[in-house]
Amino acid sequence: MVWIHGGSVEDSSFMVGDLEPFAGRIRALCPDTRGHGLSSKFERVEDYGYAAKAEDVLLWLDALGVQRAVWGGASMGGALSLWAAIHAPARVRAVISISGPPYEPAAEDKAWWRAHRPLVEAGRVAEYFDANVRLRMGEAALARFKARPERYAETIERLRGHSTASLLALLDETYGRREWLADCARIRCPVLVLAGSEDHFPTVAMSERVAATITGARLRVIAGGGHFPNRTHRAEVQATIAAFLDGIGV
């Protein structure tokens with residue numbers, strides 16, 4: 001089971017806890033996609049697209065001897081899993097997409113990036129990270145993160161592993177994507193779409209459209225959940241994943 005983190009400021013360390021209850025039934029693989037965590041950094045926007053990230057993961061799976069896997073994750077990781085099911089269907093047994101948007105970023109998110117891009121240009125990485133967490137998860141989530149100073153410091157240090165150019169390229173790609181919802185109609189494997197009822201991007205309506213576009217896809221809305229319900233409502237999300245895995249014979 002390939003379990004992929006969100007984009008921008010995240011890495012695989014954010015995802016490990018999601019799969020702990022399944023240790024006896026799956027082999028959990030949590031990659032850092034390019035530009036994230038300990039993986040290689042690039043300085044061109046075109047080097048951070050979904051096609052490049054998916055190719056990396058597929059080559060990594062080749063090296064591990066894994067021909068076919070359940071793919072999933074949150075935010076960018078959920079969307080990347082859908083992308084893989086479209087473009088490498090023989091390698092994807094099923095998809096679990098949590099808040100994974102095959103959409104162009106919302107206008108307000110693009111405006112937010114324009115307003116905060118100068119922080120990255122000036123090397124004020126910690127301030128940018130704080131603002132990003134506030135946007136995606138709220139002030140309370142940031143406070144919980146900062147209450148773990150070693151974890152917080154480790155995350156900021158990893159972001160500082162970027163050059164200014166590579167971090168700008170990564171974020172410019174994030175906020176410059178185009179919609180590819182229609183391509184999801186090509187997916188033929190089992191798909192579970194999970195959405196937080198309070199998420200502003202993708203909204204529940206957007207997630208409903210994703211599920212409606214994919215033949216046989218299942219949708220579960222987590223009441224009270226935001227963009228990462230796998231963290232705020234972890235037990236409920238894990239129970240939903242368990243039922244899905246049961247249903248596909250894992």
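Reader: Why is Cys30 not called part of a disulfide?

Author: Its sulfur is too far from any partner: the closest cysteine sulfur, in Cys189, is 19 Å away. A disulfide is a pair of cysteine sulfur atoms within 2.5 Å. So Cys30 does not qualify. This is a predicted model, in which local features need pLDDT of at least 70, side-chain atom pairs count only at pLDDT 80 or more, and totals for chains, interfaces and linings use all residues. Residues are numbered from 1 along each chain as its sequence is written, and side-chain values use heavy atoms, with hydrogens and water left out.

Reader: What makes Cys189 fail as a disulfide partner?

Author: The closest cysteine sulfur to that of Cys189 is in Cys184, 11 Å away, so the gap is too wide for a bond. Across the whole structure, the search finds 0 disulfides.

Reader: Why is Cys30 called partly exposed, and Cys189 buried?

Author: Buried means under 20% relative accessible area, exposed over 50%, partly exposed in between (1.4 Å probe, protein chains only). Cys30 has 25%, so it is partly exposed. Cys189 has 11%, so it is buried.

Reader: What makes strand E2 enclosed?

Author: Strand E2 covers residues 69-74, and 6 of the 6 are buried, so the rest of the structure largely encloses it. Strands (E, at least two residues) and helices (H or I, at least four) are DSSP runs, numbered from the N terminus. Both faces of E2 are covered: Ala69, Trp71 and Gly73 point one way, Val70, Gly72 and Ala74 the other, and all are buried.

Reader: How do you know that E1 and E2 pair?

Author: Two strands pair if DSSP finds at least two bridges between them. E1 (residues 2-4) and E2 have 3 bridges, in the parallel sense. Trp3 stands opposite Gly72. The chain runs from E1 through H1 to E2, a right-handed β-α-β crossover.

Reader: Why is that crossover called right-handed?

Author: Point the strands away from the viewer: a crossover is right-handed if the path from the first strand over the helix to the second runs clockwise. E2, helix H2 (residues 76-87) and E3 also make a right-handed β-α-β unit.

Reader: How do you know that E2 and E3 pair?

Author: E3 (residues 92-98) shares 6 bridges with E2, in the parallel sense. Gly73 has Ser97 as its bridge partner in E3.

Reader: What makes helix H7 mostly covered?

Author: In H7 (residues 164-174), 8 of 11 residues are buried. Among them are Ser166, Leu167 and Leu168. The buried residues pack against helices H1 (50-64), H3 (107-121) and H4 (125-137), where contact means heavy atoms within 4.5 Å.
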